[in-house]
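Subject: Structure for your review

Hello,

Here is the structure we spoke of handing over. Please look through it before reading the notes underneath.

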2 protein chains.
Amino acid sequence: MGEFSFIQWIRKRQKRRKDVILGIGDDCAILDVSADKLCLITTDMLVDGTHFDLKQCAIRDAGRKAIACSISDVAAMGCQPTVAVISICFPEHTTEKFAGELYKGIWDIADKYNIEIVGGDIISGRSPFCINVAMLGRDDGLKPVRRSGAKAGDMILVTGALGGSILGKHLHFEPRLKEALTLNKNFPIHAMIDISDGLTADLNHILEESGVGAILYEDQIPFSDAAVELSRKTGHTPLYHALSDGEDYELLMTVSKAQAKRVLSSGLLTEVKVSCIGEIVKGRGIRMKSPGGTIRRIKPRGYEHLKQ
Amino acid sequence: MGEFSFIQWIRKRQKRRKDVILGIGDDCAILDVSADKLCLITTDMLVDGTHFDLKQCAIRDAGRKAIACSISDVAAMGCQPTVAVISICFPEHTTEKFAGELYKGIWDIADKYNIEIVGGDIISGRSPFCINVAMLGRDDGLKPVRRSGAKAGDMILVTGALGGSILGKHLHFEPRLKEALTLNKNFPIHAMIDISDGLTADLNHILEESGVGAILYEDQIPFSDAAVELSRKTGHTPLYHALSDGEDYELLMTVSKAQAKRVLSSGLLTEVKVSCIGEIVKGRGIRMKSPGGTIRRIKPRGYEHLKQ
């Protein structure tokens with residue numbers, strides 16, 4: 001397989017969107033943005049040995065994850081992803097089958113969410129497999145939800161159950177795009193983020209951007225079956241894993257108290273549970289409230305690259 | 001240095017554009033595209049050991065090159081680059097100084113061309129240093145120039161002198177953005193590409209997309225001093241290097257015969273020489289015409305990833 005024949009193969013199989021004027025095969029792709037007001041852009045790089053381990057997972061799953069991570073980022077703004085460009089560094093001696101399986105994983109998710117791959121870069125190097133997805137989104141008249149809008153008095157909501165994603169969810173999660181769009185269309189969401197670094201680490205991003213603090217309700221944090229399973233191996237509690245583990249790709253948001261009640265009782269989110277796990281307060285940092293009512297300060301804990 | 005403090009450092013130093021509503025620090029960046037008709041997007045991945053060798057060059061030069069390559073791609077469409085998102089995989093034990101020097105190189109070029117870095121992803125892995133730049137551009141009322149517009153009877157023009165870029169130009173080239181915009185504003189350019197894979201390889205991309213062939217004039221190919229210098233080491237001719245070497249990042253274009261005369265005599269491109277190196281013909285493939293008038297078929301030759 002050569003670079004150019006591989007690109008031709010991708011090009012032929014790629015489904016097309018109406019707003020893409022020129023897709024794969026030139027120096028740039030060209031999109032019609034005349035009807036758009038806002039254009040969103042995000043980028044995510046995943047490398048073998050850090051974000052997945054190709055000794056233990058299929059390359060198709062890695063391709064799936066790369067696209068799903070970027071969809072989750074656009075979803076975290078409450079907006080609709082549209083197109084992506086994908087750069088791939090293949091290790092030397094990569095086979096055609098390996099490259100083909102990768103794209104199967106990419107298309108599994110891209111097709112499902114109507115995202116066109118409009119371009120890319122295929123390189124090879126003496127390095128582990130590495131993939132970068134840069135994705136665009138459009139507002140479609142919605143207001144993008146930032147991290148910076150949390151207000152004292154807001155309630156903190158989270159979708160799904162958290163922790164232990166390393167046991168499988170980090171590869172097979174469904175990006176919460178449908179839920180994010182439903183939420184942004186129907187409720188004034190003050191701040192939102194997807195949980196990639198970990199619940200407390202990502203909550204801390206919201207707090208720092210918004211200049212506020214938070215109290216979490218210890219008995220309200222939804223931990224997953226995987227968190228329980230993992231806790232048996234690590235000796236940590238399931239709560240510890242729910243607070244610290246990364247890559248759950250659930251939505252974490254803050255809304256006013258009145259809106260929180262509306263969200264929880266609306267019945268609009270049918271496929272995923274939403275939990276109220278705490279409140280936004282004046283001040284800084286995160287505190288934890290036990291069922292007995294005692295409050296202690298906790299440190300944001302989660303995955304951070306480059307930390308030594 | 002941690003990931004989050006490094007991102008804060010980048011964020012504080014980044015110059016801002018007016019059309020960027022939300023830059024670094026959220027799940028996505030947000031751009032105002034209400035005045036744009038078209039949005040262009042390109043992505044380029046560079047990895048240590050393939051696109052540069054950090055044992056022999058400064059990380060600042062690698063940062064410089066990463067941005068310049070993407071600018072060259074937007075320039076090759078005859079359009080204006082605007083913003084970029086940058087993903088970086090740092091090897092383990094990367095120092096703060098190394099990361100800072102990288103961004104100096106990025107800003108050297110980004111600031112010069114008024115490109116805002118609106119987001120990114122910082123990761124670490126057991127892998128060589130790797131950087132991906134995804135860049136957006138806008139048409140500003142100009143028609144983007146594709147690879148597919150070459151017509152039989154067109155003349156083939158190229159900027160600058162070619163070959164031997166491995167001796168230094170591949171790191172220090174100036175993207176031909178000013179020239180590309182001047183050309184697209186003043187002349188009907190039929191097809192254009194930047195020379196990254198090599199003159200004959202990139203010409204072949206135009207030919208395949210346009211469904212035409214080409215005749216090159218052997219004595220009109222402008223080879224650089226570096227091509228001459230390199231030829232002394234390799235035993236190949238300077239012409240060989242001008243035809244085959246990649247990463248010159250000059251502009252290769254086709255225009256009608258009448259327009260070619262206008263381009264060559266216009267005096268609009270003051271900083272770089274433009275040469276007429278051949279013509280587009282019916283049929284397929286590339287042929288070479290010697291000064292004596294004999295014509296022989298040549299194979300496109302240049303850098304291709306994954307070729308075994």
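The notes below cover the symmetry, the contact between the chains, and one helix pair.

Please keep in mind that this is a predicted model.

Symmetry. A turn of 180° with a shift of 0.0 Å along the axis lays chain A on chain B, and the RMSD is 0.0 Å. The two copies are thus related as by a two-fold rotation axis. Both copies use the same surface, as 100% of the contact residues of chain A recur in chain B. The residue of chain A that comes closest to the rotation axis is A:Ser127, with its C-alpha at 2.8 Å.

Contact between the chains. Chain A and chain B each put 65 residues into the contact. On the side of chain A that touches chain B, strand β3 (residues 38-47) of chain A gives the most, with nine residues. That side of chain A divides into 32 nonpolar, 17 polar and 16 charged residues. β3(A) also pairs across the contact: four bridges join it to strand β2 (residues 29-32) of chain B, and the two run antiparallel. Within β2(B), B:Ala29 is the bridge partner of A:Ile41.

Helix pair in chain A. Helix α2 (residues 59-75) and helix α3 (residues 96-112) of chain A pack with their axes 7 Å apart, at an angle of about 40°. That angle lies between 35 and 65 degrees, so α2(A) and α3(A) are oblique to each other. The crossing of α2(A) past α3(A) is right-handed. The residues of this contact comprise eleven nonpolar, two polar and six charged. Among them are A:Ile59 and A:Ile67 in α2(A), and A:Phe98 and A:Leu102 in α3(A).

Regards

Definitions and conventions: Residues are numbered from 1 along each chain as its sequence is written. Chains are lettered from A and ligands numbered from 1 in the order in which they are written. This is a predicted model: local features need pLDDT of at least 70, side-chain atom pairs count only at pLDDT 80 or more; totals for chains, interfaces and linings use all residues. Copies are superposed by least squares on the C-alpha atoms of residues with pLDDT of at least 70 in both. Two residues are in contact if their C-beta atoms, placed from the backbone, lie within 7 Å. Axes are lines fitted to C-alpha atoms, for helices over the stretch in contact, and angles run from 0 to 180 degrees between N-to-C directions. Angles under 35 degrees count as roughly parallel, over 145 as roughly antiparallel, 65 to 115 as roughly perpendicular and the rest as oblique. A crossing is left-handed if the near helix is turned anticlockwise from the far one by less than a right angle, and right-handed if clockwise. Ala, Val, Leu, Ile, Met, Phe, Trp, Tyr, Cys and Pro count as nonpolar, Asp, Glu, Lys and Arg as charged, and the others, Gly among them, as polar. Two strands pair if DSSP finds at least two bridges between them.
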